[in-house]
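Dear colleague,

Here is the structure I promised to pass on to you. My notes on what I found in it follow directly below.

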Amino acid sequence: MNPNPFPKKFHRKFKYEIIRQHPFALFGLPMILSLVVGSFALSRLTQTRYDVHSNKAKKVEKEQILKIDKDKRKFNAQEEYWRLQANDDWEIKRVERPKGDV
């Protein structure tokens, strides 16, 4: 006597019938679920990436502001003009043209 009441062909036929009757449940639903779960996971990872980048940028800005405040000197346009005018040790020189230019 055979301990299994159903032959192997019956099991195979039964599996193929389920696939034929419900193809969306076996193929479409897992695909859609993986897309939705993947979308949420990627949005979380992307948001974390942008948060880390913005925190780094804020830290750098604070450090730069502190450095600038220490070394800052007052700017006076008139003093800069007179300082540049006092430097008279330059003279105008003509730049020679390349040999191929006419």
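I begin with F40, a residue that sits in helix α2, which spans residues 23-71. Please keep in mind throughout that this is a predicted model, and that every value below was computed from it. The side chain of F40 is not hidden: its relative accessible area is 59%, and because the limit for exposed is over 50%, F40 counts as exposed. It also belongs to a nonpolar surface patch, which F40 forms together with F24, L29, I32, L33 and V36, and these residues jointly offer about 590 Å² of accessible area.

That patch brings me to the annotation, which I would treat with some care. An unreviewed UniProt entry lists residues 21-42 under "transmembrane region". In the model, the chain over residues 21-42 is 95% helix and 0% strand, with 34 Å between the C-alpha atoms at its two ends.

As for the overall architecture, the protein has 3 helices and 0 strands, so that the order of elements from the N terminus reads α-α-α. Of the 102 residues in the protein, 2% are buried, while the accessible surface amounts to about 11200 Å², with carbon and sulfur atoms contributing 61% of that area.

The other details I would point out concern helix α3, which covers residues 77-86 and is hardly covered, with a buried count of 1 among its 10 residues. At its N-terminal end, α3 is capped by N76, from which a side-chain oxygen lies 3.3 Å from the backbone nitrogen of Q78.

How many salt bridges does the count come to? The count comes to 1 salt bridge, and the partners are R83 and E80, whose side chains meet at 2.8 Å, taken from N to O. R83 and E80 are 3 residues apart in helix α3, and therefore about one helical turn separates them. An α-helix has 3.6 residues a turn, so residues three or four places apart point the same way. The two partners are nevertheless placed in opposite classes of accessibility: R83 is exposed, at a relative accessible area of 51%, whereas E80 counts as buried because its relative accessibility of 16% falls under the limit of 20%.

For aromatic pairs, too, the count comes to 1. The pair consists of Y81 and W82, which are arranged edge-to-face, with 5.3 Å from centre to centre and 70° between the planes. Of these residues, Y81 is partly exposed, with a relative accessible area of 46%, and W82 is exposed, with a relative accessible area of 52%.

With the file in front of you, I would suggest taking the patch around F40 and the salt bridge between R83 and E80 as places to begin reading.

With best regards

Technical notes:
Residues numbered from 1 in each chain as written. Predicted model: local features only at pLDDT ≥ 70, side-chain atom pairs only at ≥ 80, totals over all residues. Heavy atoms only, no water. UniProt positions renumbered as here; feature names shortened; annotations may be inferred. Helix = DSSP H or I, 4+ residues; strand = E, 2+ residues; numbered from the N terminus. Buried < 20%, exposed > 50% of the residue type's maximum accessible area, 1.4 Å probe, protein only. Areas by Shrake-Rupley, 256 points an atom, 1.4 Å probe, with all protein chains shown as cover. Patch = residues over 30% accessible without salt bridge, like charges linked within 9 Å, V, L, I, M, F, W, Y side chains within 5 Å. Salt bridge = Lys/Arg side-chain N within 4 Å of Asp/Glu carboxyl O. Phe/Tyr/Trp six-rings, centres within 6.5 Å; stacked < 30°, edge-to-face > 60°. Polar contact = N/O pair within 3.5 Å; in protein donor to acceptor, adjacent residues only side chain to side chain.
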